[in-house]
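Colleague: I have a predicted model open on my screen and would love a guided look at one part of it. Could you take me through helix α2, and tell me how it sits with the rest of the chain?

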Amino acid sequence: GAEELQAIETLLRDFAEDKQRATSARRDLEELRAEASWMQRELLTFAPSSPEAEEARARLRAVEARVGGAETKAKELAGARERQMPIIKSLSARILMLRRGDGP
């Protein structure tokens, strides 16, 4: 009873932390996308073959690579969260049963 309840609550706290990580990853991704968009607009202000344009393109490529990594991370965390949902629902129902004293 009490040990099971404590174990379930610990697992649900871990799942809540996973949700926070997924939210943070989405926020990071949006910030990187905004940065890349700003850099693309900035690039248009330079003459195409200027040293400034070359430097801006290099910075933009670096940010775009970070966007790709952030997209992958956000998708992985969202997928993990999606797979956790049925478990979370089941564990939440079990907590209610344990607290009411129902079930084994």
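**A close look at helix α2**

Modeller: Happy to! The protein chain has two helices and zero strands, and please keep in mind that this is a predicted model. Helix α2 covers residues 51-100, while α1 covers residues 2-43. Thr-45 lies in the loop between α1 and α2, and Gly-1 lies in the segment before α1.

Let me give you the overall frame before we zoom in. The C-alpha trace spans about 75 × 20 × 15 Å along its principal axes. A compact globule of 104 residues would have a radius of gyration near 13 Å, but this chain has 23 Å. Of its 104 residues, 27% count as buried. The accessible surface of the chain comes to about 7300 Å², and carbon and sulfur atoms hold 56% of that. As for charge, there are 19 positive and 19 negative side chains, and the centres of the two sets lie 4 Å apart.

Now to the contacts. Among contacts in the chain with a separation of 6 or more, 69% are between residues 24 or more positions apart. Helix α2 offers some good examples, and Gln-84 is a nice place to start. Gln-84 lies in helix α2 and has a relative accessible area of 10%, so it counts as buried, the cut-off being under 20%. Leaving aside residues up to four places away in sequence, Gln-84 touches Phe-15 and Asp-18.

Ile-87 is also found in helix α2. Its relative accessibility is 41%, and because that value falls between the 20% and 50% limits, Ile-87 is classed as partly exposed. Ile-87 is 75 residues from Leu-12 in sequence, yet their C-alpha atoms are 9.3 Å apart in space. From Gly-1, Ile-87 is 86 residues away along the chain and 19 Å away, C-alpha to C-alpha. Gly-1 itself is exposed, with a relative accessible area of 68%.

Glu-82 is another residue of helix α2. At 61% relative accessibility, Glu-82 counts as exposed, because the limit for that class is over 50%. Its C-alpha atom is 9.9 Å from that of Lys-19, a residue 63 positions away along the chain.

What does α2 bring to the nonpolar interior? In soluble globular proteins, nonpolar side chains tend to be buried together. The largest nonpolar core here has 13 residues, and the members touching the most other members are Leu-29, Ala-36, Leu-43, Leu-60, Val-63 and Val-67. Both α1 and α2 supply at least two residues of this core, and the largest share, seven residues, comes from α2. Leu-29 shows some of the contacts around this core: not counting residues up to four places away in sequence, Leu-29 touches Val-67, Ala-70, Glu-71 and Ala-74. There is also a second, separate core of eight residues, which includes Ile-8, Phe-15, Leu-91 and Ile-95. You have met Phe-15 already, as one of the residues that Gln-84 touches.

For contrast, have a look at the loop that comes before α2. Thr-45 in that loop is exposed, with a relative accessible area of 61%. Thr-45 is 23 residues from Ala-22 in sequence, and the two are 35 Å apart in space, C-alpha to C-alpha.

To pull the α2 picture together: Gln-84 is buried, Ile-87 is partly exposed and Glu-82 is exposed, while α2 supplies seven residues to the largest nonpolar core.

Definitions and conventions: Residues are numbered from 1 along each chain as its sequence is written. This is a predicted model: local features need pLDDT of at least 70, side-chain atom pairs count only at pLDDT 80 or more; totals for chains, interfaces and linings use all residues. Side-chain values use heavy atoms; hydrogens and water are left out. Helices (H or I, at least four residues) and strands (E, at least two) are DSSP runs, numbered from the N terminus. The radius of gyration is taken over C-alpha atoms; the globule rule is 2.2 Å times the number of residues to the power 0.38. Buried means under 20% relative accessible area, exposed over 50%, partly exposed in between (1.4 Å probe, protein chains only). Contact means heavy atoms within 4.5 Å. Accessible areas come from the Shrake-Rupley method with a 1.4 Å probe; for residues, only the protein chains shown count as cover. Lys and Arg count as positive and Asp and Glu as negative; His and the chain ends are not counted. The place of a charge is taken as NZ of Lys, CZ of Arg, CG of Asp or CD of Glu. A nonpolar core is a set of buried Ala, Val, Leu, Ile, Met, Phe, Trp, Tyr and Cys residues joined through side-chain atoms within 4.5 Å.
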